[in-house]
Amino acid sequence: MIRVQEEPFDIAAELHAIRSGNHKIGGTALFAGSVRDLNLGEQVSAMTLEHYPGMTEKALAGIEAEANERWPLDASLIVHRYGRMQPGEDIVLVITCSSHREAAFEACQFLMDWLKTRAPFWKLEEGGDTEAAKWVDARESDDKAADRWSREEK
């Protein structure tokens, strides 16, 4: 399941909902990403994520489908926010559930690596009072993390 939304999400409620009544689940992996107040040594006072409705949901659904093809998942969830957020606010939540922990761990990491590099979101960071907002470029380290999944076969 995927959701792209502007409003905050409740991690505990999402975890409870995905696991509720599903007794096949033996392992659950969860990743929550939050806005930091410092990025590459520069102060961040706010971050705005932009996306194209429709295109973004389609891309996330494809990424989630790929994870479900590679690993025996009993459930998965991607919640990604857009809009303006303050440091400390949650941006993204990925939960993967499987009979065994290895599949849940690997699928969760795969989803985050591919979300960072293949999901159509654009990030604008605001600095201190005198700093202008600037668009954040993709990082080489994120590309390298995602590349390993392209070479590995599941």
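These legends go with a handful of close-up views of a predicted model.

**View 1. The largest nonpolar core, with α3 as its main supplier.** Here we look in on a set of 27 residues that make up the largest nonpolar core. Leu-60, Trp-71, Ile-91, Val-94, Phe-110, Leu-111 and Leu-115 have the most contacts inside this core. Five elements each bring at least two residues to it: the strands β5 (46-51), β6 (73-81) and β8 (90-98), plus the helices α2 (55-70) and α3 (101-118). The largest share comes from α3, with nine residues. There is also another core, lying apart from this one; it has nine residues, and Ala-75, Leu-93, Ile-95 and Cys-97 are among them. As a general rule, nonpolar side chains in soluble globular proteins tend to be buried together.

**View 2. Leu-115, a buried residue of α3.** Zoom in on helix α3 and you can pick out Leu-115. Its relative accessible area is just 6%, under the 20% cut-off, so Leu-115 counts as buried. Setting aside neighbours within four places in sequence, Leu-115 is in contact with Leu-60, Ile-63, Ile-78, Val-92 and Val-94. For a sense of distance, take His-80: this residue is 35 residues from Leu-115 along the chain, and their C-alpha atoms are 9.5 Å apart.

**View 3. Ile-91 and the residues it touches.** This one is all about contacts, again not counting residues up to four places away in sequence. Ile-91 touches Phe-9, then Gly-33, Ser-34 and Val-35. Further along the chain, Ile-91 also touches Met-47, Leu-49, Val-79, His-80, Arg-81 and Met-85.

**View 4. Strand β8 and its partners β2 and β6.** Is β8 mostly covered or mostly open? Mostly covered: eight of its nine residues are buried. With β2, strand β8 pairs in the antiparallel sense over eight bridges, and Leu-30 has Ile-95 of β8 as its bridge partner. With β6, strand β8 also runs antiparallel, joined by seven bridges. Look for Leu-73 standing opposite Ser-98 in β8.

**View 5. Ala-32, a partly exposed residue in β2.** Strand β2 covers residues 27-34, and Ala-32 is found in it. At 29% relative accessibility, Ala-32 counts as partly exposed. Ala-32 touches Ile-11, Val-92 and Leu-93, leaving out residues up to four places away in sequence. Gly-54 is 22 residues from Ala-32 along the chain, and 23 Å separate their C-alpha atoms.

**View 6. An open sheet of four strands.** Reading across, the order is β7-β5-β9-β10, and the pairing is antiparallel. The edges belong to β7 (83-85) and β10; each has a single partner strand, so one side of each is left without a neighbour in the sheet. Six bridges link β5 and β9 in the antiparallel sense. Who is the bridge partner of Met-47 in β9? That would be Glu-125.

**View 7. The second largest pocket and its lining.** This pocket has a volume of about 220 Å³, with 15 residues lining it. Asn-39, Leu-40, Glu-125, Lys-134 and Val-136 lie nearest its centre. Strands β4 (42-43), β9 (121-126) and β10 (134-135) each supply at least two residues of the lining. Sorted by character, the lining has seven charged residues, five nonpolar and three polar.

Notes. Residues are numbered from 1 along each chain as its sequence is written. This is a predicted model: local features need pLDDT of at least 70, side-chain atom pairs count only at pLDDT 80 or more; totals for chains, interfaces and linings use all residues. Side-chain values use heavy atoms; hydrogens and water are left out. On a 1 Å grid over the protein atoms alone, a cavity is a set of points where a 1.4 Å probe fits but cannot get out, and a pocket is an open set with protein on both sides within 12 Å along at least five of seven lines; lining residues have an atom within 4 Å of a point. Grid points are joined across faces, edges and corners, and a volume is the space filled by probe spheres set on the points. Ala, Val, Leu, Ile, Met, Phe, Trp, Tyr, Cys and Pro count as nonpolar, Asp, Glu, Lys and Arg as charged, and the others, Gly among them, as polar. A nonpolar core is a set of buried Ala, Val, Leu, Ile, Met, Phe, Trp, Tyr and Cys residues joined through side-chain atoms within 4.5 Å. Buried means under 20% relative accessible area, exposed over 50%, partly exposed in between (1.4 Å probe, protein chains only). Contact means heavy atoms within 4.5 Å. Two strands pair if DSSP finds at least two bridges between them.
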